[in-house]
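Reader: Please take me through this protein one step at a time. Short answers suit me best.

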Amino acid sequence: MRNICILGGSGFVGHSIAARLAAERRNVTILSRRRERCRDLLVLPTVQVVEGDIFNTAFLSKQFANMDAVINLVGILNEKGRRGKGFERAHVTLPAKIVEACRQSSVERLLHMSALKATVDAPSHYLRSKARGENLLHDAAGDRLHVTSFRASVIFGPKDSFINRFANLLQLSPYIFPLACPDARFQPVYVEDVAKAFVRSLGDRHTFGQRYELCGPKVYTLYELVSYIRRQLGLGTRIYGLGNGLSRLQATVLGFMPGKPFSMDNYRSLQIDSVCDGDFPRIFGFRPTSLESVVPVYLGERRSQRYSLYRALARRR
Ligand SMILES: NC(=O)c1ccc[n+]([C@@H]2O[C@H](COP(=O)([O-])OP(=O)(O)OC[C@H]3O[C@@H](n4cnc5c(N)ncnc54)[C@H](OP(=O)(O)O)[C@@H]3O)[C@@H](O)[C@H]2O)c1
């Protein structure tokens, strides 16, 4: 497993996996729509970024030639429209093209990132499309293509979009913070643990054909998580958990805002607890990292930046 191609490698999880592979001196090729997004990874001597259209099977086949493995991390939390076409394209059409390109270029190993609780009858487009894409890959697998997929709960780390998004919102709401779906449950997993699991499974035959749930050591409600973030930031904001009707209303309104900070599809995903059925897979040989040992480090930086700003404003510096 020397030559690895990563789709979606420019993102949050992709950065950790690429850096880990590069540290093991493996050659990493990241396919991206925007080469610029991976500028920081280009300093690593064994990483290269190729810009192109990953939905073009001919482009994929060409890039997959001489690869020992392909990792698919492409995923979206929201689409432009509302009917599920964007989810279908990113989570189902793309995996179909990846399988086709693997066949054409004789790639025999494929790792895929799905989502925890993805099922074909889940309430959201996100979870249903993730399930169809995952099933499609496992159905296509055989003697000449070995697939392993990973079903992660929400992932945390210094550059995450979950903890950091709530931290941003809390910092913008000094008095009261209306929180939709406060009772939704999560079991957050550390990005470096996810990356470790991916890298360890690459050449391990025991993981062929398996689907692994990835969770951290502890379950939290969304209310508990947001309260924890508030405490770490040293804010006095009052968090007000919204009931079902107001949560739906918030999702409807925010779903029409640019960038869809929260949508009805997100609301529907939150109706299913993102919690693992068992422990962290033993096969990877380590215990998952706790949120409390990582999050204070990166939220603490925000806190000290805020105090520096206050001091500057008070002309203490
Ligand atoms: N973060 C989490 O909490 C979490 C939890 C469970 C599962 N997951 C899954 O884990 C995977 C990686 O997550 P992440 O947080 O690293 O995501 P991310 O930071 O958004 O990165 C995903 C990458 O996918 C590519 N991409 C996104 N939309 C695309 C589209 N419409 N067409 C083509 N390429 C597209 C982008 O690469 P370019 O812009 O370079 O093309 C992007 O860098 C995703 O499949 C996600 O669903 C994430």
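Reader: What phi does Ser 106 take, just after α3?
Author: Residues are numbered from 1 along each chain as its sequence is written. This is a predicted model: local features need pLDDT of at least 70, side-chain atom pairs count only at pLDDT 80 or more, and totals for chains, interfaces and linings use all residues. Helices (DSSP runs of H or I, at least four residues) and strands (E, at least two) are numbered from the N terminus. Just after α3, Ser 106 has a positive phi of about 60°.

Reader: How far apart are the end C-alpha atoms of helix α3?
Author: Helix α3 covers residues 85-105, which is 21 residues. The expected span of a helix is 1.5 Å times one less than its number of residues. That gives 30 Å for α3, and this agrees with the distance between its end C-alpha atoms, 28 Å.

Reader: At which residue does α3 bend?
Author: A bend is the angle between axes fitted to the seven residues ending at a residue and the seven starting there. In α3 the angle is about 30°, and Pro 95 follows within four residues of the bend. The residue at the bend is Thr 93.

Reader: Which residues of α3 are buried?
Author: A residue is buried if 20 or more other C-beta atoms, placed from the backbone, lie within 10 Å of its own; it is exposed if 12 or fewer do, and partly exposed in between. An α-helix has 3.6 residues a turn, so residues three or four places apart point the same way. The buried residues of α3 are Phe 87, Ala 90, His 91, Leu 94, Pro 95, Ile 98, Val 99, Ala 101 and Cys 102.

Reader: What covers the buried residues of α3?
Author: Cover is read from contacts: two residues are in contact if their C-beta atoms, placed from the backbone, lie within 7 Å. For α3, the cover includes two strands and two helices by name: β4 (69-72), β5 (109-113), α2 (57-64) and α4 (125-140).

Reader: What covers the buried residues of α4?
Author: Helix α4 has 16 residues, and its expected span of 22 Å agrees with the 22 Å between its end C-alpha atoms. Its buried residues include His 125, Arg 128, Lys 130, Glu 134 and Leu 137. Their cover includes α3, β5, β6 (146-152), β11 (211-214) and α9 (264-269).

Reader: Is Asn 66 buried, partly exposed or exposed?
Author: Asn 66 lies in the loop between α2 and β4. Its phi is positive, about 70°, although Asn 66 is not a glycine. Because it has 13 C-beta neighbours inside 10 Å, Asn 66 is partly exposed.

Reader: And is Lys 117 buried or exposed?
Author: Lys 117 sits in the loop between β5 and α4. Its phi is positive too, near 70°, in a residue other than glycine. With 20 other C-beta atoms within 10 Å, Lys 117 is buried.

Reader: Which residues does Phe 64 touch, beyond those up to four places away in sequence?
Author: Phe 64 belongs to helix α2. It has 23 other C-beta atoms within 10 Å, so it is buried. Leaving out residues up to four places away, Phe 64 touches Cys 5, Val 70, Ala 101, Cys 102, Ser 105 and Val 107.

Reader: How far is Ile 54 from Ile 229, C-alpha to C-alpha?
Author: Ile 54 is in the loop between β3 (47-51) and α2. It is buried, with 21 other C-beta atoms within 10 Å. Along the chain, Ile 54 and Ile 229 are 175 residues apart; their C-alpha atoms are separated by 37 Å.

Reader: How far apart in space are Thr 221 and Cys 181?
Author: Thr 221 is in strand β12 (residues 220-221). It is partly exposed, with 16 other C-beta atoms within 10 Å. Thr 221 and Cys 181 are 40 residues apart in sequence, but C-alpha to C-alpha they are separated by 9.2 Å.

Reader: Which residues come nearest to the ligand?
Author: A residue counts as near if its C-beta atom, placed from the backbone, lies within 6 Å of the molecule. Helix α1 (residues 12-23) gives the largest share of the shell, three residues. Of the 22 residues around the ligand, those that come nearest are Gly 8, Ser 10, Gly 11, Ser 32 and Gly 75.

Reader: What is the radius of gyration of the protein?
Author: The protein has ten helices and 13 strands. The globule rule, 2.2 Å times the number of residues to the power 0.38, is compared with a radius taken over C-alpha atoms. For 317 residues the rule gives 20 Å, so the protein is as compact as a globular protein of that length, with a radius of gyration of 20 Å.
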